[in-house]
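User: I am new to this structure and would like a close look at one part of it. Could you start with a single residue and build the picture outwards from there?

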Amino acid sequence: RRSIVLEGCTRSRVEDLVMIEPSSWMIMLGASEDITLRNVRTLGTVASSDGVDVVGCRRVRIEDCFLRNGDDCIAIKSLDMRPHGGASLDYTRDVEDIAVSGCAFMAYQGGCAMEIGHELRCASVRNVRFVDCDVLKKPQYGAPFGIHDADRAVVSDVLWENIRVEHHYDKLV
């Protein structure tokens with residue numbers, strides 16, 4: 001039920017794409033590295049319509065995107081997807097060097113605009129950067145900024161820099 005899945009990919013790019021009302025996660029990057037998403041627009045309002053899920057990846061760049069989603073806009077995770085939905089790879093690799101810049105977020109139902117977690121089934125998540133982004137709206141529960149380590153990973157070197165939050169209802173962080 002994922003709309004776009006890049007699984008085990010290297011040196012790949014998704015650009016200039018508009019996605020409207022998916023049934024679940026819109027773009028999932030699983031166990032991939034050296035990936036660029038640029039100028040992507042996701043327009044989803046249903047629960048679980050995450051914009052971009054970065055799962056067990058390294059060296060990912062997400063730039064100049066507009067993500068309006070019913071759950072997390074960006075979710076950084078590490079988990080084993082094999083028992084769910086027929087995915088073929090174990091995505092429990094360490095996550096590192098993720099950069100999100102120049103993006104705008106609107107998260108509706110729940111979740112966070114910029115989320116690390118909940119599923120962090122790896123040794124570490126490190127060097128994650130959110131720079132020069134706008135949170136236009138975050139109503140209901142959830143937060144613009146989130147780290148939920150529900151598993152065992154050590155989360156380190158996370159930077160939120162030059163982030164503007166126009167509206168949030170529940171928590172800020």
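Analyst: **A cluster of rings and what lies beyond**

Let's begin with Phe-130, which counts as buried because its relative accessibility is 0%, where the cut-off for buried is under 20%. Please keep in mind that this is a predicted model, and the values below are computed from it.

How many aromatic pairs are there? The count comes to 2. In one of them, Phe-130 and Trp-160 are stacked, with 6.0 Å from centre to centre and 20 degrees between the planes. Phe-130 belongs to strand S13 (residues 124-137) and Trp-160 to strand S15 (residues 154-165), so this pair ties together parts that are 30 residues apart in sequence.

Is Trp-160 buried or exposed? The answer falls in between: Trp-160 counts as partly exposed, because its relative accessibility is 28%. Trp-160 also pairs with Phe-145, and here the arrangement is edge-to-face, with centres 5.2 Å apart and 75 degrees between the planes. Since Phe-145 lies in strand S14 and Trp-160 in strand S15, this pair ties together parts that are 15 residues apart in sequence. Phe-145 has a relative accessibility of 11%, so Phe-145 counts as buried. Put together, the ring pairs link Phe-130, Phe-145 and Trp-160 into a cluster.

Strand S14 leads us on to the largest pocket, because it is useful to see where else this strand takes part: S14 gives the largest share of that pocket's lining, 5 residues. The pocket itself holds about 270 Å³ of space. There are 19 lining residues, and the closest to the centre are Asp-71, Asp-72, Lys-77, Gly-111 and His-118. Which elements give two or more residues to the lining? They are strand S12 (112-120) and strand S14 (143-149). Sorted by class, the lining is made of 6 nonpolar, 6 polar and 7 charged residues.

One of the residues named at the pocket centre deserves a second look. His-118 sits in strand S12, and the peptide bond that joins Gly-117 to His-118 is cis, with omega at about 0 degrees.

Back at strand S15, you can follow the chain a little further. The segment after S15 holds His-167. His-167 counts as partly exposed because its relative accessibility is 34%. Its C-alpha atom is 9.4 Å from that of Met-106, although 61 residues separate His-167 and Met-106 in sequence.

Now for another part of the chain, strand S2. This strand covers residues 10-20, and Arg-11 is one of its members. Arg-11 has a phi near 50 degrees, which is a positive value in a residue other than glycine. Arg-11 counts as exposed, because its relative accessibility is 69%. Asp-16 is also in strand S2. Asp-16 is not a glycine either, yet has a positive phi of about 50 degrees. With a relative accessible area of 57%, Asp-16 is exposed.

Val-18 is another residue of strand S2, and at a relative accessible area of 54%, Val-18 is exposed. What does Val-18 touch, leaving out residues up to four places away in sequence? Val-18 touches Arg-41 and Leu-43. The C-alpha atom of Val-18 is also 6.0 Å from that of Val-40, which is 22 residues away along the chain.

The last stop is Thr-42, in strand S4 (residues 33-43). Is Thr-42 buried or exposed? Thr-42 is buried, because its relative accessible area is 0%. Its side chain makes a polar contact with the side chain of Asn-69, at 3.2 Å. If you set aside neighbours within four places in sequence, the residues in contact with Thr-42 are Met-19, Met-26, Gly-51, Phe-66, Leu-67, Arg-68 and Asn-69.

To find your way back, look again for the ring cluster of Phe-130, Phe-145 and Trp-160. From there, Phe-145 leads to strand S14, and S14 leads to the lining of the largest pocket.

Key. Residues numbered from 1 in each chain as written. Predicted model: local features only at pLDDT ≥ 70, side-chain atom pairs only at ≥ 80, totals over all residues. Heavy atoms only, no water. 1 Å grid on protein atoms, 1.4 Å probe; cavity = no way out; pocket = protein on both sides within 12 Å on 5 of 7 lines; lining within 4 Å. Points joined across faces, edges and corners; volume = space filled by probe spheres on them. Helix = DSSP H or I, 4+ residues; strand = E, 2+ residues; numbered from the N terminus. Nonpolar A, V, L, I, M, F, W, Y, C, P; charged D, E, K, R; others polar. Buried < 20%, exposed > 50% of the residue type's maximum accessible area, 1.4 Å probe, protein only. Polar contact = N/O pair within 3.5 Å; in protein donor to acceptor, adjacent residues only side chain to side chain. Contact = heavy atoms within 4.5 Å. Phe/Tyr/Trp six-rings, centres within 6.5 Å; stacked < 30°, edge-to-face > 60°.
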